[in-house]
Amino acid sequence: MSTKETEKTPLFRTYDEPEVELAGCGATLPCNPKRGLHRYLILIIMCFLSFGSYFCYDNPAALQDNMTRDLGISVSQFMGFYAWYSWPNVILCFFGGFLIDRVMGVRLGAVIFSLFVTAGQVVFALGSFTNKYWLMCAGRFIFGIGGESLAVAQNTYAVKWFQGRELNMVFGLQLSFSRVGSTVNMNVMQPLYTFIEKWSTGYKCLGIALLVGAVMCILSLLCALALGYFDKRADRVLKRAKISTDEMIRIRDVKDFGFKFWLLCVICVAYYVAVFPFIGLGLVFFEMKFGLEPGTANTVNSLVYIISAIASPVFGFLIDKIGKNVFWVILGITVTIGCHALMAFTFATPFAAMAILGLAYSVLASALWPMASMVVKQHQLGTAYGIMQAIQNLGLATIAIAAGSIVDTKGYLILEVFFLAWLCIALIAAVLLYLIDEAQGGVLNKSAGQRKAEREKLEEEQNREKAAIN
C-alpha cells in the first residue's frame, strides 16, 4: 500500500458554517457538530475509516513465507499481489477526487469504496482457500480500486469537519493511525496463522487467516456508514451548503507544469519503490540473512510503520516551523541509502537500520508532498497530485514484479543493489531540484521565516492596493 498514503492535499476549500440556534440533543457537547467534543468523537471514527485497508494491504508481507509455501508460488508471483493493487490506481488516482466531489458525494463515496475494499479482501481470502492464484489477484485488483480512493474520502471528511481549526494535526493523526493498522497486521497475522494451524493447514489455513482481514474491512465499512450518518446530520443541523471545489482534474494543465514538478515525480517514484516493495519482501529477507524467527522478522519489518506513526506528525510540525524542504528531502534519501547499504553489506542488527529507515521515510514524506503546492498553481493542485500518485502507483506495480523476479533469479543481495540504484536516482533528482530551485530564487528551500515575511509583504501590498482603489 503505498503510503497511501495520507500524505495528499485536501480536495475542498474553506467554507463558512452558518450560525444557527441548536436545541435538545443537538445543543449538548457530544451531539453539537460545532463543539470540539463532537468533532473529536467524529475524528476517532474517521481514523478507523482506513484502518482496515491499511491492515490488509500488507497481509502478504506478514505471511510471505506461508504464502509462497502453501500456494506453491514464486516470489515474483507473490509480488504480483502488490502489483495488482497498484494497477487500478494508475488511473483512479486522477478521478477519485472527482468521483467523490462531483458524482457520488463523500458519504456515498466512502461507503462504496469501503465495499470495494471489503469485497476485494473477501475474494482474496476465497482465492487462497480454494488455491486459485488468479482469483487472489482479482481480489487484490478489487481491493486496489477502493483502497486509494477511500483515503481521498477520508481526507475529504477531515477537511469538511476541521478546515480552519486543527486540520494539520488531524492529517498527522490520520497518517499515524493508518501506520498503526499496518503495524498491527505485521505483528498479528503470523501468530494468528500459527493458531489456526491447530485446526487447518496449508492454503485453507491461509485463507481463514486472510478472512480476519475482511473482518477489519467490515469495521471500516461500519465507520463509513457512521460517518455518513453523522455528516448528514451535521449538514441538516448546521444548514451547511454544498461544498464546491476548484481542484478539478484537468489533463490540459500538464503542459503548464515546470521541470521542478517532474523532478518531484522522479523523487517520489524512485524513493517509494525502494521502501514499500522492500517491506513486502522483508520477512523472508530477515529470516534468511539474519536468522530471525518469523515473529521477530515481522517485528523488524514493521519498524518503519511503527516509527513513522510516531515521527510523521512530529517531523511535519518541525518542517512547517523550519522550512528548507529540499534539504530535508536530500537528508531523508541519503539516510535511506545508508540504511539499505547497512542491511545489504553487513550483518549488523537490522533493528537499528529499520528504525532509522522509519525516521528517514517520515522526514521525506513530510517534506516532499507539500512542495508540489509551491511549484504549481492552486487550481492545478488536484491534477498535480493525481499525476504524482499515478506515477507512484505505476512505479510500485512494475517494480514489485521486477523485485520478485530478481529474488527468484539473483537473490536478496542483488535486490538490495537494485533498490540502492533507485535511491541514487532519487538523490540525483533531489540535488538537481536544489540547484535549479536556487538558480530560480530558491523558493522550495526557503526557511519558514522567509516564507512568512514574504506572505506578510504580499498581504501588505494587497491591502495598499485595496485602499488605493477605495
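1. Accessible areas come from the Shrake-Rupley method with a 1.4 Å probe. On that basis the accessible surface of the protein chain comes to about 18,900 Å², and carbon and sulfur atoms hold 68% of this area. The structure under review is a predicted model, and the points below should be read accordingly.

2. Overall composition. The protein chain contains 18 helices and zero strands. Of its 470 residues, 56% are buried. Among contacts with a separation of 6 or more, 83% are made by residues 24 or more positions apart in the sequence.

3. Nonpolar core. The largest nonpolar core comprises 132 residues. Tyr271, Tyr272 and Phe286 have the most contacts inside this core. Helix 5, spanning residues 75-129, contributes the most to the core, with 15 residues.

4. Surroundings of Phe286. When neighbours within four places in sequence are set aside, Phe286 touches Phe278, Gly291, Leu292, Ala297, Val300 and Asn301. Its contacts also include Met343, Pro350 and Met354.

5. Asn298. This residue lies in helix 11, which covers residues 294-301. Is Asn298 buried or exposed? Asn298 counts as buried because its relative accessible area is 1%, and the cut-off for that class is under 20%. Beyond its neighbours within four places in sequence, Asn298 is in contact with Ala61, Ala62, Met186, Gln190 and Leu283.

6. Ser362. Helix 14, residues 350-368, holds Ser362. The relative accessibility of Ser362 is 0%, so the residue counts as buried. Apart from neighbours within four places in sequence, Ser362 is in contact with Ile307, Ser308, Ala311, Ser312 and Phe315. Ser362 and Val314 are 48 residues apart in sequence, and their C-alpha atoms are 9.0 Å apart in space.

7. Salt bridges. How many salt bridges does the structure hold? The count is three, and each is taken in turn below.

8. Asp70 and Arg69. In the salt bridge between Asp70 and Arg69, the closest N and O atoms are 3.4 Å apart. Asp70 has a relative accessible area of 14% and is therefore buried.

9. Arg107 and Asp231. The side chains of these two residues meet in a salt bridge with an N to O distance of 2.8 Å. The pair links distant parts of the chain, with Arg107 in helix 5 and Asp231 in helix 8 (residues 202-238), 124 residues apart. The accessibility class of each partner can also be given. Arg107 is partly exposed because its relative accessible area is 28%, whereas Asp231, with a relative accessible area of 0%, is buried.

10. Lys260 and Asp437. Here the side chains form a salt bridge at 3.1 Å, N to O. This pair, too, links distant parts of the chain: Lys260 belongs to helix 9 (residues 259-272) and Asp437 to helix 17, with their positions 177 residues apart. Lys260 counts as buried because its relative accessibility is 13%. Asp437 also counts as buried, its relative accessibility being 0%.

11. Cysteines. The structure holds zero disulfides. Cys56 is in no disulfide, and the nearest cysteine sulfur, that of Cys217, is 3.4 Å away. Why does this pair fail to count? A disulfide requires the two cysteine sulfur atoms to be within 2.5 Å, and the sulfur of Cys217 is 3.4 Å from that of Cys56. With 0% relative accessibility, Cys56 is counted as buried, while Cys424, at 36% relative accessibility, is counted as partly exposed.

12. Surface patch. Ile428, Val431, Leu432, Tyr434 and Leu435 form a nonpolar patch on the surface. Together these residues have about 430 Å² of accessible area. One of them, Tyr434, is placed in helix 17, which runs over residues 412-439. Tyr434 counts as partly exposed because its relative accessibility is 32%. Helix 17 also holds Asp437, the partner of Lys260.

Methods:
Residues are numbered from 1 along each chain as its sequence is written. This is a predicted model: local features need pLDDT of at least 70, side-chain atom pairs count only at pLDDT 80 or more; totals for chains, interfaces and linings use all residues. Side-chain values use heavy atoms; hydrogens and water are left out. A nonpolar core is a set of buried Ala, Val, Leu, Ile, Met, Phe, Trp, Tyr and Cys residues joined through side-chain atoms within 4.5 Å. Buried means under 20% relative accessible area, exposed over 50%, partly exposed in between (1.4 Å probe, protein chains only). Helices (H or I, at least four residues) and strands (E, at least two) are DSSP runs, numbered from the N terminus. Contact means heavy atoms within 4.5 Å. Patches are made of residues with over 30% relative accessible area and no salt bridge: like charges are joined within 9 Å, nonpolar side chains (Val, Leu, Ile, Met, Phe, Trp, Tyr) within 5 Å. A salt bridge is a side-chain nitrogen of Lys or Arg within 4 Å of a carboxyl oxygen of Asp or Glu.
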